[in-house]
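Good morning, colleagues. Please turn to the sequence and the structure as they come up on the screen.

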Amino acid sequence: MATPISKILDFSGKTAIITGGCSGMGVGLAKRFAETGANIVVTYFKSSPEAVERVVREIEAVGAPVMAVKMDVRSAAESYRMVDEVVSRFGTVDFLINNAGIYPHQKVLECTEQEWDDMQNSNLKGAFFCSQACAAQMIKQGRGGSIVNIISINGYRPLADSVAYGASKAGLAMTTRCLAVELGKYGIRVNGVAPGLIDAPGLDENVPGWRERYERRAPAGRLGLHSDIADVCIFYCSDMSSWIAGEITMADGGVMHAEAY
């Protein structure tokens, strides 16, 4: 008999780690996961103490147990320390959402070596070592788990002034598939979500014209919301996706399938 949907989406007693969970899309992911009843862990690096405290209070208001862990995802040692702290507090690691990353724009002829390295270390190396640390704990627990990588449609389609970012996300897409192949035998499923343009404060000031251009091209006729991405992540963490591994969902309002002319 199939498990009732109400139980499939009940993550009570399980622990979800959202890296970069105290800013941007990470906040939306954390608050949405809190609705499932899971223990919530948000990691942060540069967020102010006030911002972290505000996010913690918002998650607590949903009724979920929560802890915030400061860490630098660019360090493998920091990933393992973070997992140790989570296990000390909640006992298990069940879900990892690799959301932390950076996305500055650089023109090809102006991108410095340091900017290139920072992008790869934050977006690709960080996701790999967080996955490694969490997978090691999941294997020790012996009850499987789910890892979801936040990629980007820019890992599949080029965008001007974004070569370093696009390269990091393309690398993360292949990393997702490789992790799925190796970790599947332990009951750990690894998948990804590739968001399109997400509506956020400051978007129109930072990239004028992008909203209108995207809305014209996307069949759905709108930008994405944080909840659009969170819901795909929750699906991948639930038993509804128990036979899915190594897949990457384009959550982009259909823009990847927009007409060529």
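I shall discuss one helix and two individual residues in turn. Please bear in mind throughout that this is a predicted model.

Let me begin with helix α2, which comprises residues 25-34. How many of its ten residues are buried? The count is eight, and the helix is accordingly mostly covered. The buried positions are M25, G26, V27, G28, L29, A30, F33 and A34.

G28, one of those buried residues of α2, brings me to the second topic, M67. These two residues are 39 positions apart in sequence, and their C-alpha atoms lie 16 Å apart in space. M67 itself belongs to strand β3, which covers residues 66-70. Is M67 buried or exposed? Its relative accessible area is 11%, and because the cut-off for burial is under 20%, M67 counts as buried. Which residues does M67 touch, once neighbours within four places in sequence are set aside? The contacts are I40, V41 and V42, together with E85, V86, R89 and F90.

My third topic is R211, which is found in helix α8, residues 210-217. With a relative accessible area of 17%, R211 also falls under the 20% limit, so this arginine is classed as buried. Its side chain makes a polar contact of 3.0 Å with the side chain of D204. Again leaving out neighbours within four places in sequence, R211 is in contact with L197, D199, L203, D204 and L223. D204 therefore appears both in that list of contacts and as the polar partner of R211, with R211 itself being buried.

Thank you for your attention.

Technical notes:
Residues numbered from 1 in each chain as written. Predicted model: local features only at pLDDT ≥ 70, side-chain atom pairs only at ≥ 80, totals over all residues. Heavy atoms only, no water. Helix = DSSP H or I, 4+ residues; strand = E, 2+ residues; numbered from the N terminus. Buried < 20%, exposed > 50% of the residue type's maximum accessible area, 1.4 Å probe, protein only. Contact = heavy atoms within 4.5 Å. Polar contact = N/O pair within 3.5 Å; in protein donor to acceptor, adjacent residues only side chain to side chain.
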